[in-house]
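Visitor: I am new to this one. Please pick a single part and give me a close look at it.

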Amino acid sequence: MKPEDRRVITNRLKRIEGQVRGVIGMVEEERYCVDIVTQVEAIKGALAKVESEILKIHAHTCVEEALRGGSLKDKRQKFSELVDLFERTGS
């Protein structure tokens, strides 16, 4: 992962961390359940965006490199990793 990509991903995760802390505070303060669930949904959306970004980075770096110059075994492995991941996430 390039330093710039790492910085962007790290910053997004830190924002999500802050959102999670906020939800913890909402629970401790016994805030309205629907408001808490709304914030949880926002966190899930933010995590999905981070996941998508990391997958794009992976495709542009590791997968592209294996397809360009790797052995047939490396190519198959990278492709299998992606298929397995998509099966797990339901994407």
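**A close look at the helix pair**

Guide: Start with helix H1, residues 3-28 (helices are DSSP runs of H or I, at least four residues, numbered from the N terminus). H1 has 26 residues, and at 1.5 Å a residue these should span 38 Å (1.5 Å times one less than the number of residues). The end C-alpha atoms of H1 are 37 Å apart, which agrees. This is a predicted model: local features need pLDDT of at least 70, side-chain atom pairs count only at pLDDT 80 or more, and totals for chains, interfaces and linings use all residues. Residues are numbered from 1 along each chain as its sequence is written, and side-chain values use heavy atoms, leaving out hydrogens and water.

H1 has buried residues (under 20% relative accessible area, 1.4 Å probe, protein chains only). They are Ile-9, Ile-16, Val-23, Gly-25 and Met-26. H2 is part of what covers them. Just after H1 comes Glu-30, with a positive phi of about 55°.

Now the pair itself. H2 covers residues 33-69, and H3 covers residues 72-89. The two pack at an angle of about 160°, with axes 9 Å apart (lines fitted to C-alpha atoms over the stretch in contact, with angles from 0 to 180 degrees between N-to-C directions). That makes H2 roughly antiparallel to H3 (over 145 degrees). Their crossing is left-handed (the near helix is turned anticlockwise from the far one by less than a right angle).

Which residues meet? From H2 come Glu-51, Leu-55, His-58, Cys-62, Val-63, Ala-66 and Leu-67. From H3 come Asp-74, Lys-75, Lys-78, Glu-81, Leu-82, Leu-85, Phe-86 and Thr-89. By class, the H2 contact with H3 has eight nonpolar, two polar and five charged residues (nonpolar: Ala, Val, Leu, Ile, Met, Phe, Trp, Tyr, Cys, Pro; charged: Asp, Glu, Lys, Arg; polar: the others, Gly among them).

Zoom in on one residue from each side. Ala-66 sits in H2. Its relative accessible area is 8%, so Ala-66 is buried. Beyond its neighbours within four places in sequence, Ala-66 is in contact (heavy atoms within 4.5 Å) with Asp-74, Lys-75 and Lys-78.

Lys-78 belongs to H3. It counts as buried because its relative accessibility is 19%. Setting aside neighbours within four places in sequence, Lys-78 is in contact with His-58, Cys-62, Val-63 and Ala-66. Ala-66 and Lys-78 are twelve residues apart in sequence. In space they are 7.2 Å apart, C-alpha to C-alpha.

Conventions:
Parallel < 35°, antiparallel > 145°, perpendicular 65-115°, else oblique. Buried < 20%, exposed > 50% of the residue type's maximum accessible area, 1.4 Å probe, protein only.
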